[in-house]
Each structure stands twice: as structure tokens, then as C-alpha cells.
Amino acid sequence: MLDGGGDLDGEPAGNLITGSAAEGFRVSWFPDMGTACMIAHGGHVRAIGWLSDQHPFPTGDTPPEFLARLKEFCRRWFDGLEPLAWGGFMGPHQCELCWRSAASGNIGVPAGDVLFAAPEMVAHYVEAHRYVPPPEFVAAVLSAPLPGTPEYAEAVAAFREVKMRQLAEWRAELDRRSQTTTDLA
Ligand SMILES: [Zn+2]
């Protein structure tokens, strides 16, 4: 079992939303330490905490100072948007492990040339479901500057550049597509 929270193979919980409408409320699953997630992608990205009830994840104890600092990061997720050039509100997602918690933000935690990207829900996963993220992420949370500080903006400046470039490429691609559509019309 993942965290002793319930039998995944049993009857769905009474409050489980079913059907396609539920998909929009779920956090999409991405493997820990992968280079892509909902909010960022690239060689510098390490995805963290994009959990799902369909995929097992490590559980156990984490240092209390880690959870406290992680919560502070999550409280400040909005302050990270501008320095990271991340999109804002992407809609609330609900914890599909217990359906008792919802969050809509994402956090970026810099560590040298790596940017850890996690949903705001990650603090809930650690606290309520005893999720143990990779040690690299724990170390980064404990040592990285907090969003909303000049030190944070400086630490993520290079990642912001990459994001801006990706957005420009995306826009160019959209322009190309709309051009093609126009040509076909
Ligand atoms: Zn939960």
C-alpha cells in the first residue's frame, strides 16, 4: 500500500469524482526527478511531487525543518511566478489520495543549475501522506532562498531566460500553425 490510506483496488470512496470531468481536477502524474511536468520542462528541470493514486511513491519520515520550510515555499508560490516567468492560475487541483485538500499553485526551488518544480500540493503530500521526496529536493528546500526575495530572483534568473525562450518558440509555433490553417482555408 502506498501510505496506508486506503485500498486502491476496493470500492471507490464515496466522494471520488468519476468521469472525464474529474480529470481537470487531478494533478497530472510525472515521475520524480524527470525533466518535465505541468509547469516546466527542459534539461534543468527536475519534477517533484506530481503524485497520483495510480503510482506508488516512497513514504516515511522527513525532517520537521524540511516540512516547515517547504510550507513557507508553498505559502509564497505566487511570489515565484514573475521571477520564474511561470503561468499563473491553472485551476485548482485536488489531492486524489484523500480528496480533502486542494491547491492551485506551483513552486520552483533552485539548486545551482537545477530547478525543482513541484505542485503546491507537495507540502500536503509530505504532511498528510508521508511522502518522502528525493534527498536532492530536501536539501534544496533547506538551502534555497525563498520566493519574494532578491536572492530568489537571482537564483532563478537563468531558468527564467530558458522559460522566456520556450514561450517565444511556442508562440512562433502557434503562429506557424495558424498560418497553415489560414492557407488551407
Ligand atoms: Zn491528500
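In this predicted model, the loop between H2 and strand S2 (93-94) holds Ala85. The phi angle of Ala85 is near 55 degrees, a positive value in a residue that is not glycine. Ala85 counts as partly exposed, because 17 other C-beta atoms lie within 10 Å of its own. A second residue of this kind is found in the loop between S2 and strand S3 (102-103), where Trp99 lies. Here phi is near 60 degrees, again a positive value in a residue other than glycine. With 15 C-beta neighbours inside 10 Å, Trp99 is likewise partly exposed.

These loops belong to a chain with six helices and five strands. Read from the N terminus, the order of the elements is β-α-α-β-β-β-β-α-α-α-α. The chain has 185 residues, of which 30% count as buried. Among contacts with a separation of 6 or more, 69% join residues 24 or more positions apart.

A word on confidence is useful before the details. The average pLDDT of the chain is 86, and 82% of the residues score at least 70. Residues 1-24, however, have a pLDDT below 50, and this stretch makes 18 contacts in the model beyond near neighbours in sequence. Where pLDDT is low, the predicted coordinates should not be read in detail.

Helix H1 covers residues 64-75, and its geometry can be checked with simple arithmetic. At 1.5 Å a residue, its 12 residues should span 16 Å, and the end C-alpha atoms are 17 Å apart, which agrees. Which residues of H1 are buried? They are Leu70, Phe73 and Cys74. Viewed down the axis of H1, the buried residues fall within an arc of 95 degrees, so they line one face of the helix. Pro64, Glu65 and Ala68, on the other side of H1, are exposed. The partners of the buried residues are helix H2 (77-84), strand S4 (106-111), helix H3 (122-129) and helix H4 (135-143), against which they pack.

The largest nonpolar core comprises 38 residues, and the members that touch the most others are Val109, Phe116, Ala117, Val122 and Val141. Two or more residues of this core come from each of strand S1 (45-47), H1, H2, S4, strand S5 (114-119), H3 and H4. Val109 illustrates how such contacts reach across the sequence. Leaving aside neighbours within four places, Val109 is in contact with Phe73, Phe116, Phe137, Ala140, Val141 and Ala144. One of these partners, Phe73, is also among the buried residues of H1, while Phe116 and Val141 are named among the members of the core with the most contacts to other members.

Strand S4 also contains Pro110. Is Pro110 buried or exposed? Pro110 is buried, because 24 other C-beta atoms lie within 10 Å, and a residue counts as buried at 20 or more. Not counting residues up to four places away in sequence, Pro110 touches Leu115, Ala144, Ala155, Val156 and Phe159. For one of these partners, Ala155, the separation is 45 residues in sequence, yet the C-alpha atoms of Pro110 and Ala155 are 6.4 Å apart in space. Ala144 appears among the contacts of Pro110 and also among those of Val109.

Notes. Residues numbered from 1 in each chain as written. Predicted model: local features only at pLDDT ≥ 70, side-chain atom pairs only at ≥ 80, totals over all residues. pLDDT = per-residue confidence, 0-100. Contact = placed C-beta atoms within 7 Å. Helix = DSSP H or I, 4+ residues; strand = E, 2+ residues; numbered from the N terminus. Expected span 1.5 Å × (residues − 1). Buried ≥ 20, exposed ≤ 12 C-beta atoms within 10 Å, placed from the backbone. Arc of directions from axis to C-beta. Core = buried A, V, L, I, M, F, W, Y, C linked by C-beta atoms within 7 Å.
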